[in-house]
Amino acid sequence: MDIKISKELANEKQAMRDAFCEVMMELAEKDRNIVLLDADLMGAMGTKPFAKKFPEQTVDCGIQEANMIGVACGLAAAGKIPFAHTFGPFATRRACDQVFMSGAYAKNNVKIIGSDPGITAQLNGGTHMPFEDMGIMRGIPEMTVLEPTDINMLKWIIREIAYRYGMFYVRLVRKECVKVYEDGTKFEWGKAVTLRDGKDVTIISSGYCVSESLKAADMLEKDGISARVVNMYCWKPVDEEIIKKAAAETGAIVTAENHNVINGLGSAVAEVLVKNKPVPMEMIGSQDEFGEVGKLPYLSERFKMNAPYIVEAAKKVLERK
């Protein structure tokens, strides 16, 4: 692992959906078995260039998400490597039985992409704002569940899962995201990334909440609190060793996720702690609520997912330490 952290937390110059299309075209150019499926969202996902260049490797299934997963599973059974995209709630809630039965239970090889996770759905509102998608997929046997932090990590994950057999769920932001990793960063499969060391408390975060956690660590430092920041991009299987190490060395944990704290990242971390090294813990995330319409700054405040709330949780957990 060779981690190069961005010196400045600023938005990526490229939308994450464009990076997704770019890496998919790179894969499809080299392998005709790579197939991209969508449920009438190729315009929204920015994958029309893929369809134009690789029409024989593209299937737009229309607004039939469950059917799309069935088609993807059929293609996988025939030896293709399907990537199937739709918005997160439709890839999980709406197509859950097909993912379970035709995909996981049948031991198929399908890569499911769910976009606009949590508050990044913004103006699409509560019906399109999945706070439960990772939890649904985490509960399906043998599913690997992932959330890339930025474009560098996204491209690495897509290349990695293309030739790893099995069922995968990747939730990703469609549009802007914050750059955390510099070009040339080398990740290690299944291993969480320590972005910042610290001795008083550990903040374990994913996706949108990673940059907010780094900001929180800077704020805590001004108050004399040393915070470790860990990017847990793989929720299942979760990196148990880094959780146990953090508990042993800092004695206090805060999780930060753009997801329901029930059956999310906080739950995954707590399951490891309770069996190995119980320590005081706080969870930042949706507190078992539905989403709503709004822009990202409003929603991050409404659902208490930004740096000041992470700071508050860290101070609270330290009082219990």
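**Notebook: helices α4, α6 and α13**

I began with helix α4 and looked up which of its residues are shielded, and I found E65, M68, I69, A72, C73 and A76 to be buried. These residues cover an arc of only 140° around the axis, which means that they lie on the same side of α4. I keep in mind throughout that I am reading a predicted model.

Next I checked the length of this helix: α4 runs over residues 65-77, and its 13 residues reach 19 Å from the first C-alpha to the last, close to the 18 Å expected at 1.5 Å a residue. Following α4 along the chain, I came to G79, whose phi is positive, near 100°.

I then asked what covers the buried residues of α4. The elements I noted include the strands β1 (34-38), β3 (81-87) and β4 (111-115), together with the helices α5 (88-94) and α6 (96-105).

Of these neighbours I took up α6. Two packed helices are described by the angle between their axes and the distance between the axes, and I looked up both values here. The axes of α4 and α6 come within 9 Å and cross at roughly 10°; because angles under 35 degrees count as roughly parallel, I enter α4 as roughly parallel to α6. On the α4 side the contact is made by A66, I69 and C73, and on the α6 side by Q98, V99, S102 and G103. Sorting the residues of this contact by character, I have four nonpolar, three polar and no charged.

Staying with α6, I picked out A104, which is found in this helix, and asked whether A104 counts as buried or exposed. Its relative accessibility is 11%, and since buried means under 20%, A104 counts as buried. When I leave aside its neighbours within four places in sequence, A104 is in contact with V99, I140, P141 and M167. I also recorded that A104 and F168, although 64 residues apart in sequence, are 9.3 Å apart in space, C-alpha to C-alpha.

My last entry concerns helix α13, residues 307-320, where at 1.5 Å a residue the 14 residues should span 20 Å, and the end C-alpha atoms are indeed 20 Å apart, so the expectation and the model agree. In α13 I list A307, Y309, I310, V311, A313, A314 and V317 as buried. Looking for what these buried residues of α13 pack against, I found the strands β8 (201-205), β11 (253-260) and β12 (281-286), and the helices α9 (209-222) and α12 (296-302).

Note on methods
Residues are numbered from 1 along each chain as its sequence is written. This is a predicted model: local features need pLDDT of at least 70, side-chain atom pairs count only at pLDDT 80 or more; totals for chains, interfaces and linings use all residues. Side-chain values use heavy atoms; hydrogens and water are left out. Helices (H or I, at least four residues) and strands (E, at least two) are DSSP runs, numbered from the N terminus. The expected span of a helix is 1.5 Å times one less than its number of residues. Buried means under 20% relative accessible area, exposed over 50%, partly exposed in between (1.4 Å probe, protein chains only). Contact means heavy atoms within 4.5 Å. The arc is that of the directions from the helix axis to the C-beta atoms. Axes are lines fitted to C-alpha atoms, for helices over the stretch in contact, and angles run from 0 to 180 degrees between N-to-C directions. Angles under 35 degrees count as roughly parallel, over 145 as roughly antiparallel, 65 to 115 as roughly perpendicular and the rest as oblique. Ala, Val, Leu, Ile, Met, Phe, Trp, Tyr, Cys and Pro count as nonpolar, Asp, Glu, Lys and Arg as charged, and the others, Gly among them, as polar.
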